[in-house]
Amino acid sequence: MTRTVMCRKFKEELPGLERAPYPGAKGEDIFNHVSKKAWDEWQAHQTMLINERRLNMMNAEDRKFLQAEMDKFLSGEDYAQAEGYVPPSA
């Protein structure tokens, strides 16, 4: 049986992650309040941000920026987009 969570981003009960994606309290919070769907969408968006903004994960400021954007994204707040990105139309 699939574990479900009340997803912070989508505001509905959805299948949860299999394990915490981070160690510690941050990972537990994501595990308990973020759905697999939201996490998968974040992973795709994170990759786009890293590539389009040429973020360097060795740079502490770039990591801090990405962490802040992850928190916004997973909370359903406004978050940074890649410049010129147009979401696909349904």
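Lys64 is exposed in this predicted model. Glu61 is exposed as well. The two side chains meet in a salt bridge, with N and O 3.8 Å apart. Both residues belong to helix 3, where a spacing of three residues separates them by about one helical turn.

This pair is one of five salt bridges in the structure. Another joins Lys36 to Asp40, whose closest N and O atoms lie 2.8 Å apart. Here too the partners share a helix: both lie in helix 2, which covers residues 36–52. They are four residues apart, about one turn of the helix. Lys36 is partly exposed, at 38% relative accessible area. Asp40 also counts as partly exposed, with 38% relative accessibility.

A further salt bridge connects the side chains of Lys26 and Asp71, at 2.6 Å from N to O. This pair links distant parts of the chain, 45 residues apart. Lys26 sits in helix 1 (residues 24–33), and Asp71 sits in helix 3 (residues 60–75). Lys26 has a relative accessible area of 33%, so this residue is neither buried nor exposed but partly exposed. For Asp71 the value is 31%, again partly exposed.

The interior was examined next. The largest nonpolar core contains 16 residues. Those with the most contacts inside this core are Ile30, Val34, Trp39, Trp42, Met70 and Leu74. Helix 1, helix 2 and helix 3 are the elements that each give two or more residues to the core. Met70 touches Tyr22, Lys26, Ile30, Trp39 and Trp42, leaving aside residues up to four places away in sequence. Lys26 thus appears twice, as a contact of Met70 and as the salt-bridge partner of Asp71.

The overall architecture comprises three helices and two strands. From the N terminus, the order of elements is β-β-α-α-α. The C-alpha atoms fill a box of roughly 40 × 35 × 20 Å along the principal axes. The chain has 90 residues, of which 29% count as buried. Among contacts with a separation of 6 or more, 48% come from residues 24 or more positions apart.

Surface and charge complete the description. The chain exposes about 6,200 Å². Carbon and sulfur atoms supply 52% of that area. There are 13 positive and 15 negative charges. The mean positions of these two sets are 2 Å apart.

Methods
Residues numbered from 1 in each chain as written. Predicted model: local features only at pLDDT ≥ 70, side-chain atom pairs only at ≥ 80, totals over all residues. Heavy atoms only, no water. Salt bridge = Lys/Arg side-chain N within 4 Å of Asp/Glu carboxyl O. Buried < 20%, exposed > 50% of the residue type's maximum accessible area, 1.4 Å probe, protein only. Core = buried A, V, L, I, M, F, W, Y, C linked by side-chain atoms within 4.5 Å. Contact = heavy atoms within 4.5 Å. Areas by Shrake-Rupley, 256 points an atom, 1.4 Å probe, with all protein chains shown as cover. Lys, Arg positive; Asp, Glu negative; His and termini not counted. Charge placed at Lys NZ, Arg CZ, Asp CG, Glu CD.
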